[in-house]
Amino acid sequence: MVVVSLANGAKREYPRGTRVADIVDELGGRLKKEALVARVNGVVHDLSYALDEDAEVCILTFNDSDGEDVYRHTSSHILALAVKRLFGDVKLGIGPSIKDGFYYDFDCKETFVPTDLERIEKEMEKIIKEDLPLERFELERTHALKFFADSGEIYKVELIEGLPEDAVISCYRCGEFVDLCAGPHLPSTGKVKAVKLLSLAGAYWRGSEKNPMLQRIYGTSFPKKSMLEEYLHRLEEAKKRDHRKLGRELDLFSIQDEGPGFPLLHPRGMIIRNELENFWREEHRRDGYSEIKTPIILNRVLWERSGHWDHYKENMYFTQIDEQDFAVKPMNCPGAMLVFRTKMHSYRDLPVRMGELGLVHRHELSGTLHGLMRVRAFTQDDAHIFMLPSQIKDEVAKVIELTDRIYNVFGFEYHVELSTRPEKAMGSQEMWDAATSALREVLEERNISFVINEGDGAFYGPKIDFHLKDSIGRTWQCGTIQLDFQMPEKFDISYVGEDGQKHRPAVIHRVVFGSIERFFAVLIEHYAGAFPVWLSPVQTVIIPITDRHHEYANQVLAALEKEGIRAEADLRSEKVGYKIREAQLQKIPYMLVVGDKEAESGEVGVRERSAGDVGSLPLDQFIANIKEEINNKS
RNA sequence: GCCGACGUAGCUCAAUUGGCAGAGCAGCUGACUUGUAAUCAGCAGGUUGCGGGUUCGAGUCCCAUCGUCGGCUCCA
């Protein structure tokens, strides 16, 4: 017998070899209907898993993230089977679950077209109706290799070859289809209730552009039709917050054919940007930063020295001046090095924190451009911190604090990644190890959870990245803290130590917003265009009811402008409702309706963007309120 | 850069098998003088992304190119 402890604390005895499914049957009820897989002693298994020792068993449903994962994973197998049935010469890549869905990669002579998705979807529904069981079995390595080689599955063969010698090679049979798969899976295809194929895309095999490009089909699935509909509805809603759409509607910025990846900021967008920069300067002054500005174009020699010529040339723009080669800066660091080098620094002066709102240009691949999120010219809210090696951890911690402080003003949630040595890197392994563990220690000491991003560091050092979400849940790297022992060497910068000798300082490159353009885009989506008052391009619009209230409207306007409040008066001969509708669509935080009543009493009728009509206030009182709101950035 | 889809008025979208490029909103002009999300009427607005080709005739078909969108890759 084996002793099984269930999630609710109950302990029961079962004969050895009892399957989890048998336990689920016995438990009955809703769980029996919803059970997908089970976590047995911490490992997720099929319901058909046979218990051969005492175990803690937790039955998982779609509500558990592991359950959801398996649900989508099985859905991807159904997709693969459907494609196999409908298309002759198909080789399979991989088909994992992803956030909110799944995909499968296919190598198929025929090019899938959007109407194929409907066909495939229908076939998937058929497979679901057939309620085919997914059966797990193991193959010995050479058998597995032969099996997949015989069936022409060259990608699967490659996957098996990549597995460690002692790996258990498992496969799942689903109807006439056998796939190499670690599992686990749902007991049968009928468990999948609502499935929808969403899009078609090319994807390199194993993510490398050296490999052939496969056709990827994305989809999602849910245990209830209503959940699928809700999800699709949510996607539609999210699209309404897309910063590209709002940027046009709110007249914030444009990107035109004449400058792909080179955004044009309109007056209203510029107001927001300036507010962000003002805020940035305040916070950085408070933390002991100075500010510099370095040129956009500098001599090629500088870039050879910095290592950019060797490591970053493909991303740079070049030009010639007086028959000499110059480069448009893709990063601000070399300029900062030049500034630091202009004078002697004592160890007593360190750390030196030098900020720069620096405009950089990078030649990004055309296919990667995306609104303001990925562009070819952007302003980094950069800073370089020159410090004693002993100050590294303190300074990194201070930057983390500053970043957190700034993100909190906007109410952002973010996740942190630690990126390690890339293939194409400068500096010794020891240097990288020391720098990487310094970053890791700071994160660990501050109890900040992070994921490791292997090989994703900058060419000169490891980094901590801060990622923010866009409206449809894609994350974008914004803040980053990069440790650099290379640049100080290359530029031979130094400080004079206590001993009167020259020493090499360590350098941190860091940004908080990251790119002001990208941060702006994330902000637009985060607020859905309804910016807090301090950021709103127009903070108040005055709406006179008829022409005879224009004089009072102008008085109110003058009073607001005198207090530095961004206000406009809508003097068009339109109805109040019309002007309000327009102000609402422009997401202006306050509308002041003024008519006879207000003109007489010196009040304003306040309509708040989301709360609606909130009644009349003396003008002075309104001004005091809005000023407080602006100052608090609330 | 690669794979796929798509480019029609400032915006959102129509245009039968290839057969006179159209509507709403926005804009302009006028009337209306309005109390919390669209007053009415009129006017104007286009080398259908750009360049070739097929055809009696191309927004529609073909080629090329630029751009956009969704991914891949890359990255702030």
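In this predicted model, domain 2 (66-240) and domain 3 (266-295 + 329-527) each contribute residues to the lining of the second largest pocket, which therefore lies between the two domains. The volume of this second largest pocket is about 710 Å³, and among the 24 residues that line it, Lys99, Asp100, Tyr231, Leu235 and Ile472 are the closest to its centre. At least two lining residues come from each of strand S12, strand S13 and helix H7 (225-239), with H7 providing the largest share, seven residues. Divided by class, the lining of the second largest pocket consists of 10 nonpolar, five polar and nine charged residues.

The largest pocket has a volume of about 1,500 Å³ and a lining of 45 residues, of which Tyr312, Arg362, Glu364, Lys463 and Gln477 are nearest its centre. Domain 2 and domain 3 are both represented in the lining of the largest pocket, each with at least three residues. Strands S21, S24 (463-469), S25 and S28 each supply at least two residues of this lining, and the largest share, five residues, is that of S28. In the lining of the largest pocket, 15 residues are nonpolar, 18 are polar and 12 are charged.

RNA strand B is surrounded by 58 residues, with Ser366, Arg374, Gln477, Arg581 and Glu598 the closest; Gln477 is also listed with the residues nearest the centre of the largest pocket. Among the elements that each supply at least two residues of the surface near RNA strand B are strands S12 (194-204), S13 (213-222), S21 (377-387), S25 (475-484) and S28 (506-515), together with helices H8 (243-249), H18 (576-585) and H19 (596-601). Of these contributions, that of H18 is the greatest, at seven residues. The surface near RNA strand B comprises 19 nonpolar, 18 polar and 21 charged residues.

On the side of the nucleic acid, 49% of the atoms of RNA strand B within 4 Å of the protein belong to sugar or phosphate, while the rest belong to bases. Individual contacts involve both parts of the strand: an N or O atom in the side chain of Tyr204 is 2.5 Å from a base nitrogen of RNA strand B, and a backbone N or O atom of Val375 lies 2.8 Å from a base nitrogen of RNA strand B, whereas a polar side-chain atom of Glu209 is found 3.4 Å from a sugar or linking oxygen of the RNA.

How values were computed: Residues numbered from 1 in each chain as written. Chains lettered and ligands numbered in written order. Predicted model: local features only at pLDDT ≥ 70, side-chain atom pairs only at ≥ 80, totals over all residues. Heavy atoms only, no water. Near = heavy atom within 4 Å. Polar contact = N/O pair within 3.5 Å; in protein donor to acceptor, adjacent residues only side chain to side chain. Helix = DSSP H or I, 4+ residues; strand = E, 2+ residues; numbered from the N terminus. Nonpolar A, V, L, I, M, F, W, Y, C, P; charged D, E, K, R; others polar. 1 Å grid on protein atoms, 1.4 Å probe; cavity = no way out; pocket = protein on both sides within 12 Å on 5 of 7 lines; lining within 4 Å. Points joined across faces, edges and corners; volume = space filled by probe spheres on them. Domains from an automatic or database assignment.
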